[in-house]
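Trainee: Could you walk me through one part of this model in detail? I'd like to look closely at the largest pocket and what surrounds it.

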Amino acid sequence: PGDWVIAVGSPFGLHNTVTAGIVSSRRRRSAEIGGRDAAVEYIQSDCVIHSGSSGGPLINLDGEVIGE
């Protein structure tokens, strides 16, 4: 938590869009957000994600993809 990250995607067909944010949690459980699969964990950040940009990589400031 507290690490800066970058989200990459193509919202609304705008290719190579980048947003930045801060990680709030690295292990947010599915049940905490209303999911049914208890085995799934999520990374929570405040990066702005729009339709079409979800599912793109989340990258730390060292250029490494996180959450694989």
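Mentor: Let's settle one term before anything else: strands here are DSSP runs of E, at least two residues long, numbered from the N terminus. Also keep in mind that this is a predicted model.

Now, the pocket. The largest one has a volume of about 350 Å³. Of its 17 lining residues, Ile-43, Gly-56, Pro-57, Leu-58 and Ile-66 are the closest to the centre. Two elements, strand 1 and strand 3, each give two or more residues to that lining, and strand 3 gives the most, with 4 residues. By character, the lining splits into 9 nonpolar, 6 polar and 2 charged residues.

So where do those strands sit? There's an open sheet of 5 strands, ordered 3-2-1-4-5, with antiparallel pairing. Strand 3 (41-45) is an edge strand, as is strand 5 (65-66), and each pairs on one side only. Strand 1 (residues 4-9) runs antiparallel to strand 2 (residues 17-29), and 6 bridges join them. Trp-4, for example, stands opposite Ile-22 in strand 2.

Back to Leu-58, one of the residues closest to the pocket centre. Leaving aside residues up to four places away in sequence, Leu-58 touches Val-5, Ile-6, Ala-7, Ile-43, Cys-47, Glu-64, Val-65 and Ile-66. Leu-58 also belongs to the largest nonpolar core, a set of 6 residues that it makes up with Val-5, Ala-7, Val-23, Cys-47 and Ile-66. As a general point, nonpolar side chains in soluble globular proteins tend to be buried together.

Methods. Residues are numbered from 1 along each chain as its sequence is written. This is a predicted model: local features need pLDDT of at least 70, side-chain atom pairs count only at pLDDT 80 or more; totals for chains, interfaces and linings use all residues. Side-chain values use heavy atoms; hydrogens and water are left out. A nonpolar core is a set of buried Ala, Val, Leu, Ile, Met, Phe, Trp, Tyr and Cys residues joined through side-chain atoms within 4.5 Å. Buried means under 20% relative accessible area, exposed over 50%, partly exposed in between (1.4 Å probe, protein chains only). Contact means heavy atoms within 4.5 Å. Two strands pair if DSSP finds at least two bridges between them. On a 1 Å grid over the protein atoms alone, a cavity is a set of points where a 1.4 Å probe fits but cannot get out, and a pocket is an open set with protein on both sides within 12 Å along at least five of seven lines; lining residues have an atom within 4 Å of a point. Grid points are joined across faces, edges and corners, and a volume is the space filled by probe spheres set on the points. Ala, Val, Leu, Ile, Met, Phe, Trp, Tyr, Cys and Pro count as nonpolar, Asp, Glu, Lys and Arg as charged, and the others, Gly among them, as polar.
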